[in-house]
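This report describes selected features of the structure shown below. It treats the empty spaces first, then one helix and one arginine.

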Amino acid sequence: KVYLGILEILLVALWLLVSIGGLEVGGKVRLGYATDLVRVVAVVYAFGRLLLGVRLRDTCVGASVLAMATSHPRGWFQNPRGNRKEFVIRVILLGSMIQTGIVFFLVPVFRHWAYASWVWDLGIIENALRNLAFTGEAKTFFLSRDGGETAVRYFPNNRLILGFFLLAPIYRLVPATETLLVLQSLALISGAWPAFLLARKILPFKGAGAVGAAFYLALHTLHQLQVWDLHEVSFAIPFGLWAFWFLETRKFPLSLLFAALMALWREDLWLVFAGFSILWGRESGRTWLGGALALAGLLVLPMHAQFLNIVNSVGDRYAYLGPDMKSAVKTLLFHPFSALEVAVRNWAFFARMGVMYGCGALFWAGPWRLVPCVLPLLELGLSTHPGMTDFHNHYVGNLVAPLYFAMIHGWRTLLVKFQKRGQALVTAAFALSQ
């Protein structure tokens, strides 16, 4: 009873603390991200469940969350069985959720107003998109190769963003930086719905959908994409999750359509499409078509690097491959172990990816479900560019949809394998890995 009381107070305090933006300790802000809340709750939950046999649903907070996760939204404001304490906690949780949702949209706008990040990704993308919307060409002087005399086409001579043609009409109607930032927030938060559906269908416990959506929204990568600048991959993530949902529900034409819509947002997202096509071919029984689509997707990135990209060379990200595609092919043919040497140097990146998504649950997902993850994982892990193996930027965003899909399947395998308190250990480990 004492532990349950402490747990009640701690859970409410943590939720409120995250809602107000964290606590400054030692000159740094702690517990500022939703991920921090997940981690601390996981530790407390694991201790109580494994040593004392206390379930999270035994607390008013846990019971409220479970009831909200498994009931219709109309019932959220009803007084549960006359339990006044649970009703008050439910109101606090709902208020915090609404506040967090509003803040999710406002934070990137406030950051832009405060720091005015005119160049870098936000400035370059908006400048190119404005020109595309009003002149028909995605040019920007920010990428000029001659000191600003000649504008460079961001699309396609730097990025292959066919999704620009979806954004341009909206931007033409409301030509403001805030429009793009709000659209990015909307795209990221909309991914919670397919994440909810996938978890509810795959995971074998009550309220699994809400748990999956919560962990998706707590992913650190999402908050890096959201807070810092504007990134094309943010718009690809929900399309990728829908593609995996339609694959899981065996709606194969729709799954392929949404996978293609995902790949429209960056040239390297076609690597995810290539892996997805192999899995799609196996699940749909159209192996040859899946293989052909995979080959087509695999060729997009090197073809773009060779014939269209005049801003970044191959050597900018893969120094050991040389300056262009010709030298890269020669290096891989005659010195294939050079890539292996880089992979060994970046072992921490690969290890963290395995642990970060499900605390090793990826290894239980099954080899075919990992196929969409392989090529984008190698794209990052074999790079000599320090930013591409750093988790505090947008590069890892390419992996969110395929890794989430594999992680949920891996977690299901572990949950079925472990029973009773073993499930608590797996759940806590999964939460801690975030």
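Which residues lie nearest the centre of the second largest pocket, and how many residues line it? The structure is a predicted model. In this model the pocket in question is lined by 30 residues, and L301, V314, Y318, L321 and M325 are the ones nearest its centre.

**The second largest pocket**

The volume of the second largest pocket is about 820 Å³. Four helices, α15 (287-307), α16 (314-317), α17 (325-334) and α20 (367-381), each contribute at least two residues to its lining. Of the contributors, α15 gives the most, with 6 residues. By character, the lining of this pocket comprises 19 nonpolar, 6 polar and 5 charged residues.

**The largest cavity**

The count of cavities of 30 Å³ or more comes to 1. The largest cavity holds about 40 Å³ of space. Its lining is formed by V233, A236, I237, M262, L269, G397, N398, A401 and P402. Two or more of these lining residues come from each of α12 and α21, and α12 supplies the largest share, 3 residues. The lining of the largest cavity has 7 nonpolar residues, 2 polar residues and no charged residues.

The table sets out the values for the two spaces.

| Space | Volume | Lining by character | Largest contributor |
|---|---|---|---|
| Second largest pocket | about 820 Å³ | 19 nonpolar, 6 polar, 5 charged residues | α15, 6 residues |
| Largest cavity | about 40 Å³ | 7 nonpolar, 2 polar, no charged residues | α12, 3 residues |

**Helix α9**

Helix α9 spans residues 192-202, and because 8 of its 11 residues are buried, the helix is largely enclosed by the rest of the structure. The buried positions are A192, P194, A195, F196, L197, L198, A199 and I202. What do these buried residues pack against? Their partners are α8 (177-190), α10 (208-218), α12 (233-248) and α21 (400-417). Among these partners, α12 and α21 also give two or more residues to the lining of the largest cavity.

**Arginine R159**

R159 belongs to the loop between α6 (154-157) and α7 (164-173). Is R159 buried or exposed? Its relative accessible area is 9%; the cut-off for a buried residue is under 20%, so R159 counts as buried. Apart from neighbours within four places in sequence, R159 is in contact with Y154, E232, R266, E267, H304 and R317. Of these, H304 falls within the span of α15 (287-307) and R317 within that of α16 (314-317).

Notes: Residues numbered from 1 in each chain as written. Predicted model: local features only at pLDDT ≥ 70, side-chain atom pairs only at ≥ 80, totals over all residues. Heavy atoms only, no water. Buried < 20%, exposed > 50% of the residue type's maximum accessible area, 1.4 Å probe, protein only. Contact = heavy atoms within 4.5 Å. 1 Å grid on protein atoms, 1.4 Å probe; cavity = no way out; pocket = protein on both sides within 12 Å on 5 of 7 lines; lining within 4 Å. Points joined across faces, edges and corners; volume = space filled by probe spheres on them. Nonpolar A, V, L, I, M, F, W, Y, C, P; charged D, E, K, R; others polar.
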